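Q: Please take a close look at the largest pocket in this protein. What lines it, where does it lie, and what is found in the rest of the fold around it?

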Amino acid sequence: MSAHNARVHELRALDTLSAGQTAIHRLHPLAKLICTMTIVICTVSFGPYDFIRLVPYLFYPFIMMSIAELPYRLLLSRVLIALPFCLFAGISNVIFNRSIALTIGSMNISFGVLSLFTILLKMYLCVMAALLLVATTPFTELTTQLRWMRIPYIFVMVFEMTYRYIAVLLEEAYSMTTAYRLRSGSKKAIEMRHMGSFVGQMLLRGFDRAERVYTAMACRGYSLKHIPFAKRKMTGVDFAFLSAVFISCVLIRVINLR
């Protein structure tokens with residue numbers, strides 16, 4: 001499998017996972033969406049040095065992945081994409097905040113190191129919660145639920161179009177890269193002096209193909225504004241799952257055992 005095909009396969013892997021038939025997949029999308037929002041809000045509300053208090057939230061991704069039978073390696077590879085951004089933000093704390101926060105044996109841990117670990121754990125919990133939502137909920141159900149919640153139309157449209165057309169952009173980039181290599185002889189990479197025109201042409205080709213794709217979808221009855229909402233109602237299992245996650249997250253946030 002080429003590198004391009006591997007990237008496209010990874011991009012569409014979450015769509016494949018969302019078609020599962022486990023107990024988590026069968027839950028109402030609204031219940032999973034509220035649980036994800038609860039996890040994210042509770043996580044980001046902690047202070048920069050509350051690493052220990054964040055650890056109990058790890059129960060959510062591990063239990064969800066186990067019940068939903070999701071591959072941990074695939075989800076972890078997606079989480080690592082956000083690692084550099086958080087790592088660079090946390091390293092500055094390590095450099096400038098060297099006050100001792102606690103001592104474990106003979107090892108001193110500064111407030112900067114503690115804040116770095118806290119940032120990384122927050123990143124892991126938030127990104128993993130979002131990935132679990134997408135990996136267990138079909139994309140059409142998710143966007144339909146966002147419309148039902150009266151999320152502004154423009155945000156739903158951008159979210160949906162970006163998710164749908166990023167694969168189109170990757171395919172255009174692959175075809176242009178192949179053409180460039182065939183015309184450049186032994187060169188294996190795009191030269192910097194050609195990078196500007198290459199990126200511009202790639203965007204123009206991606207927009208043109210995306211427009212053709214959308215026109216074909218519209219001819220088949222697709223509409224961004226007039227999509228009927230599903231009449232599926234939440235069951236007792238959905239309410240039980242929502243209550244268990246919501247109450248657990250709130251209690252962990254409110255109760256401080258230190």
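A: What follows describes the pocket, then the nonpolar core, then some single residues.

The model is a predicted one. The protein has 11 helices and two strands. Along the sequence, six helices come before the two strands and five helices come after them, in the pattern α-α-α-α-α-α-β-β-α-α-α-α-α. Of the 258 residues in the protein, 36% are buried. Among contacts between residues at least 6 apart in sequence, 78% join residues at least 24 apart.

Now the pocket. The largest pocket holds about 550 Å³ of space. Its lining is made of 20 residues, and those closest to the centre are Ala130, Leu133, Val134, Leu142 and Phe159. Two or more lining residues come from each of helix H1 (3–17), helix H2 (29–44), helix H7 (111–136), helix H8 (139–148) and helix H9 (153–183). H9 gives the most, with six residues. By type, the lining of the largest pocket divides into 17 nonpolar residues, two polar and one charged. As for its place in the fold, the pocket lies between domain 1 (20–136 + 232–254) and domain 2 (152–219), because both domains give residues to its lining.

The next part is the largest nonpolar core. In soluble globular proteins, nonpolar side chains tend to be buried together. The largest nonpolar core here has 44 residues, and the members that touch the most others are Tyr57, Tyr60, Leu70, Leu75, Leu132 and Phe241. The elements that give two or more residues to this core are H1, H2, helix H4 (59–68), helix H5 (72–79), H7, H8 and helix H11 (236–254). H7 provides the largest share of the core, 13 residues. H7 is also among the helices that give two or more residues to the pocket lining.

Leu70 can serve as an example from the core. Leaving out residues up to four places away in sequence, Leu70 touches Leu17, His25, Met65, Leu75, Leu132, Ala135 and Thr136. Two of these contacts, Leu75 and Leu132, are themselves listed with Leu70 among the core members that touch the most others.

Just before Leu70 in the chain is Glu69, which is found in the loop between H4 and H5. Glu69 is exposed, because its relative accessible area is 63% and the cut-off for exposed is over 50%. Glu69 has a positive phi of about 60°, although it is not a glycine. Arg150 is another residue that is not a glycine but has a positive phi, in this case about 65°. Arg150 lies in the loop between H8 and H9. With a relative accessible area of 62%, Arg150 is exposed.

Thr22 is in a loop as well, the one between H1 and H2. Thr22 counts as buried, because its relative accessibility is 12% and buried means under 20%. Not counting residues up to four places away in sequence, Thr22 touches Ile67, Ala68 and Glu69.

The last residue to look at is Ile247, which lies in helix H11. Ile247 has a relative accessible area of 48% and is partly exposed. Ile247 and Thr38 are 209 residues apart along the chain, but 9.7 Å separates their C-alpha atoms.

Conventions: Residues numbered from 1 in each chain as written. Predicted model: local features only at pLDDT ≥ 70, side-chain atom pairs only at ≥ 80, totals over all residues. Heavy atoms only, no water. 1 Å grid on protein atoms, 1.4 Å probe; cavity = no way out; pocket = protein on both sides within 12 Å on 5 of 7 lines; lining within 4 Å. Points joined across faces, edges and corners; volume = space filled by probe spheres on them. Helix = DSSP H or I, 4+ residues; strand = E, 2+ residues; numbered from the N terminus. Nonpolar A, V, L, I, M, F, W, Y, C, P; charged D, E, K, R; others polar. Domains from an automatic or database assignment. Core = buried A, V, L, I, M, F, W, Y, C linked by side-chain atoms within 4.5 Å. Buried < 20%, exposed > 50% of the residue type's maximum accessible area, 1.4 Å probe, protein only. Contact = heavy atoms within 4.5 Å.
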